[in-house]
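Got your viewer open and the selection box ready? Here's a walk through the model, one stop at a time.

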Amino acid sequence: LDVYQKNMSWPDVDGVNIWPILTGQNMSRYDAHHELVLSDEVILVGKYKLLLAQPDPKLVKGFPDNYGWKTKQGNWIQPAPSFKCGIAKDRIHFLPCLFDLESDPREERDLSKSMPEKLSEMWTTLNVSTLTRYRSRSPREMLGPCNKNCASKHWDLFGGPPGPICGIKGCKDNFLD
């Protein structure tokens, strides 16, 4: 089965054979991608991870106890009050965090102040990659009805920021105002 239709997909599929990494055949875990953008807020470069922002736990309805680190036993360890890593103050002023995933896999020690050059380099790479990436768009006829008011009520039930306004289950009419 040729899911890529003889390499006619666009953008090109970014494929790397990771089988040698998975089977431990003399490859580093960084051989597949030295830089890996996970989202608009997260990038991995080698052993480092840059985290730009997460919502302040006090602002996220229903999730106040899940901020910090989860132990193998399922308990949550809350960070010290001084740990402000990754929290966006008023969604404008971001406090970025830089972690060394090899020496700190639980991401408890922020290196952003001690490694400002690395922080700046990774932030620049993240910004460039998000500005130039391809974002797919669904054809209008496949979206379903778009009802902004109904969709807002739907997303409010989850206590989160608004999501898509088209194709929400239970929202039937097209109202974009």
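Start by selecting cysteine 150, which comes out at a relative accessible area of 24% and so counts as partly exposed. Before you read too much into any one stop, keep in mind that this is a predicted model.

**Stop 1: the partner of cysteine 150**

Now add cysteine 171 to the selection. The two cysteines form a disulfide, with 2.1 Å between their sulfur atoms. Cysteine 150 sits in helix H4 and cysteine 171 in the segment after H4, so this pair ties together parts that are 21 residues apart in sequence. Check the dihedral about the S-S bond: it reads -85°, which makes the link of cysteine 150 and cysteine 171 left-handed. How exposed is cysteine 171? Cysteine 171 is buried, because its relative accessible area is 4%.

**Stop 2: the other disulfide**

The count comes to 2 disulfides, so there's one more to pick up. Select cysteine 146 and cysteine 166: their sulfur atoms are 1.9 Å apart, and they form a disulfide. Here the angle about the S-S bond is 105°, and the link of cysteine 146 and cysteine 166 is right-handed. This pair, too, joins distant parts of the chain: cysteine 146 is in the loop between helix H3 (140–143) and helix H4 (148–156), while cysteine 166 is in the segment after H4, 20 residues apart. Cysteine 146 has a relative accessibility of 1%, and therefore counts as buried.

**Stop 3: colour by confidence**

Switch the colouring to pLDDT. The chain averages 75, and 67% of its residues reach 70 or more. Where is confidence lowest, and where highest? The low end is strand S6 (residues 88–89), with a mean of 57, and the high end is S8, at 94.

**Stop 4: strand S8 and its neighbour**

Zoom in on S8, residues 97–100. In a regular strand, side chains alternate between the two faces of the sheet. In S8 both faces are covered: Cys97 and Phe99 are buried on one side, Leu98 and Asp100 on the other. Next, show strand S3 (residues 48–51), which pairs with S8 in the antiparallel sense over 4 bridges. To line the two up, pick leucine 51 and look across to cysteine 97 in S8, which it stands opposite.

**Stop 5: two hairpins**

From S3, step back to S2. S2 and S3 are antiparallel, paired over 4 bridges, and leucine 44 stands opposite lysine 49 in S3. Only a short selection is needed for the turn: this hairpin has 2 residues between its strands, and glycine 46 in the turn has a positive phi of about 60°.

Then bring up strand S1 (residues 35–37), which pairs with S2 in the antiparallel sense over 3 bridges. S1 and S2 also form a hairpin, with 4 residues between them. Here the facing residues to click on are valine 37 and isoleucine 43 in S2.

**Stop 6: the nonpolar cores**

Show side chains for Ile43, Val45, Tyr48, Leu50, Leu52, Leu98, Leu119, Met122 and Leu126: these 9 residues make up the largest nonpolar core. Strand S2 (42–45), S3 and H2 each supply at least two residues of this core. Which element gives the most to it? That's H2, with 3 residues.

Centre on leucine 126 and list its contacts. Setting aside residues up to four places away in sequence, leucine 126 touches Val37, Ser39, Asp40, Glu41, Val42, Ile43 and Leu52. Apart from the largest core lies another, of 7 residues, including Val42, Phe83, Cys85 and Phe99.

**Stop 7: two serines in one loop**

Finish in the loop between S8 and helix H2 (116–132), where you'll find serine 103. Serine 103 counts as partly exposed because its relative accessibility is 46%. Draw a distance from its C-alpha to that of lysine 47: 8.9 Å separates two residues that are 56 apart along the chain.

Serine 112 also has its place in the loop between S8 and H2. Is serine 112 buried or exposed? At a relative accessible area of 7%, serine 112 is buried. Turn on polar contacts, and a 2.8 Å one joins the side chains of serine 112 and aspartate 110. Leaving out neighbours within four places in sequence, serine 112 is in contact with Pro96, Cys97, Leu98 and Leu119.

Conventions
Residues numbered from 1 in each chain as written. Predicted model: local features only at pLDDT ≥ 70, side-chain atom pairs only at ≥ 80, totals over all residues. Heavy atoms only, no water. Buried < 20%, exposed > 50% of the residue type's maximum accessible area, 1.4 Å probe, protein only. Pairing = 2+ DSSP bridges. Disulfide = S-S within 2.5 Å. pLDDT = per-residue confidence, 0-100. Core = buried A, V, L, I, M, F, W, Y, C linked by side-chain atoms within 4.5 Å. Contact = heavy atoms within 4.5 Å. Polar contact = N/O pair within 3.5 Å; in protein donor to acceptor, adjacent residues only side chain to side chain.
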